[in-house]
Amino acid sequence: MNASGRPTRLTDRKREAILRAAVAEFREFGFAGTSMDRIAATAEVSKRTVYNHFASKDELFAAILWQLWDASRSLDVPGYDPARPLREQLLAFVARKLRLLSDASFIDLSRVAIAELVHAPERAREMMDRLAEKEEGLTSWIRAAQADGRLRDDLAPAEAAHQLQGMVKAFAFWPQITMGAAPLDAAAQQRVMHDCVDMFLAVRAPRP
């Protein structure tokens, strides 16, 4: 890798080109409609080169899902800090979430995975379940805040986490996935971040 994080070895550059081509082909034609020949042509490499990197189309699709998993590592939630304001901690979490959701590559990968879930759920369910584990950190954070008496405990932590995640995704994920909307710009991210956190706390913080 060079300083920009891009691969410098020819074999690594070819692997990256194959993965980019596979994302584009799977997105346009679906898993069943995509061939290794088509991926090779789009990547401008030989079919032999594709198979040197990926033994099958299933293995190539799995590599795409692993890219999603790697990207989602940025969503690991720091532990609950009783000394910090709740709003400050939640804003930091949502800011990381929005940075990920504004990444065009992440959106493309998500479209591919979600489309395959619809057509062949058994193929992608395991990885999508693992991706969902990344949202468990927020559930644990909410559970700790409830135990500390700083959030209402009349709703299960997982459901409370789903409320906040759902508000964010309603603006910064689902319109981009389903309708091709552009990722939110910096100003829109700030607005969504503050609005969602403030609405969440207005409902979930203990009433005076």
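This is a short tour of a predicted model, with selections to make in your viewer at each stop.

**Stop 1: two packed helices**

Start by selecting helix H5, residues 86-101, together with helix H11, residues 186-204. Their axes lie 9 Å apart, and the helices pack at an angle of about 135 degrees. Angles over 145 degrees would count as roughly antiparallel and 65 to 115 as roughly perpendicular, so H5 and H11 are oblique to each other. Turn the view until one helix lies over the other: the crossing of H5 with H11 is right-handed.

Now show side chains for the residues that meet here. On the H5 side, select Leu86, Arg87, Leu90, Leu91, Val94, Ala95, Leu98 and Arg99. Their partners in H11 are Gln189, Val192, Met193, His194, Val197, Asp198, Phe200 and Leu201. If you colour this contact by residue class, you will find eleven nonpolar, two polar and three charged residues.

**Stop 2: Phe106**

Next, pick Phe106, which sits in helix H6, residues 104-119. Is Phe106 buried or exposed? Its relative accessibility is 10%, and buried means under 20%, so Phe106 counts as buried. Leaving out residues up to four places away in sequence, display what Phe106 touches: Leu68, Ala71, Leu100, Leu101 and Phe173. Then add Ser72 and draw a distance between the two C-alpha atoms: Phe106 and Ser72 are 34 residues apart along the chain, and the separation is 8.8 Å.

**Stop 3: Arg152**

Move on to the loop between helix H8 (136-147) and helix H9 (157-172), and select Arg152 there. Arg152 has a relative accessible area of 18%, so this arginine is buried under the 20% cut-off. Which side chain makes a polar contact with the side chain of Arg152? Select Asp154, whose side chain does so at 2.3 Å. To see what else surrounds Arg152, set aside neighbours within four places in sequence and show Gln146, Val203, Arg204, Ala205, Pro206 and Arg207, which are in contact with Arg152.

**Stop 4: Glu44**

For the last stop, go to the loop that links helix H2 (36-43) and helix H3 (47-53), and choose Glu44. Have a look at the backbone first: phi of Glu44 is near 60 degrees, a positive value in a residue other than glycine. Switch on a surface as well. Glu44 has a relative accessible area of 73%, and exposed means over 50%, so Glu44 is exposed.

Definitions and conventions
Residues are numbered from 1 along each chain as its sequence is written. This is a predicted model: local features need pLDDT of at least 70, side-chain atom pairs count only at pLDDT 80 or more; totals for chains, interfaces and linings use all residues. Side-chain values use heavy atoms; hydrogens and water are left out. Axes are lines fitted to C-alpha atoms, for helices over the stretch in contact, and angles run from 0 to 180 degrees between N-to-C directions. Helices (H or I, at least four residues) and strands (E, at least two) are DSSP runs, numbered from the N terminus. Angles under 35 degrees count as roughly parallel, over 145 as roughly antiparallel, 65 to 115 as roughly perpendicular and the rest as oblique. A crossing is left-handed if the near helix is turned anticlockwise from the far one by less than a right angle, and right-handed if clockwise. Contact means heavy atoms within 4.5 Å. Ala, Val, Leu, Ile, Met, Phe, Trp, Tyr, Cys and Pro count as nonpolar, Asp, Glu, Lys and Arg as charged, and the others, Gly among them, as polar. Buried means under 20% relative accessible area, exposed over 50%, partly exposed in between (1.4 Å probe, protein chains only). A polar contact is a pair of N or O atoms within 3.5 Å; within protein, one must be able to donate a hydrogen and the other to accept it, and residues adjacent in sequence count only if both atoms are side-chain atoms.
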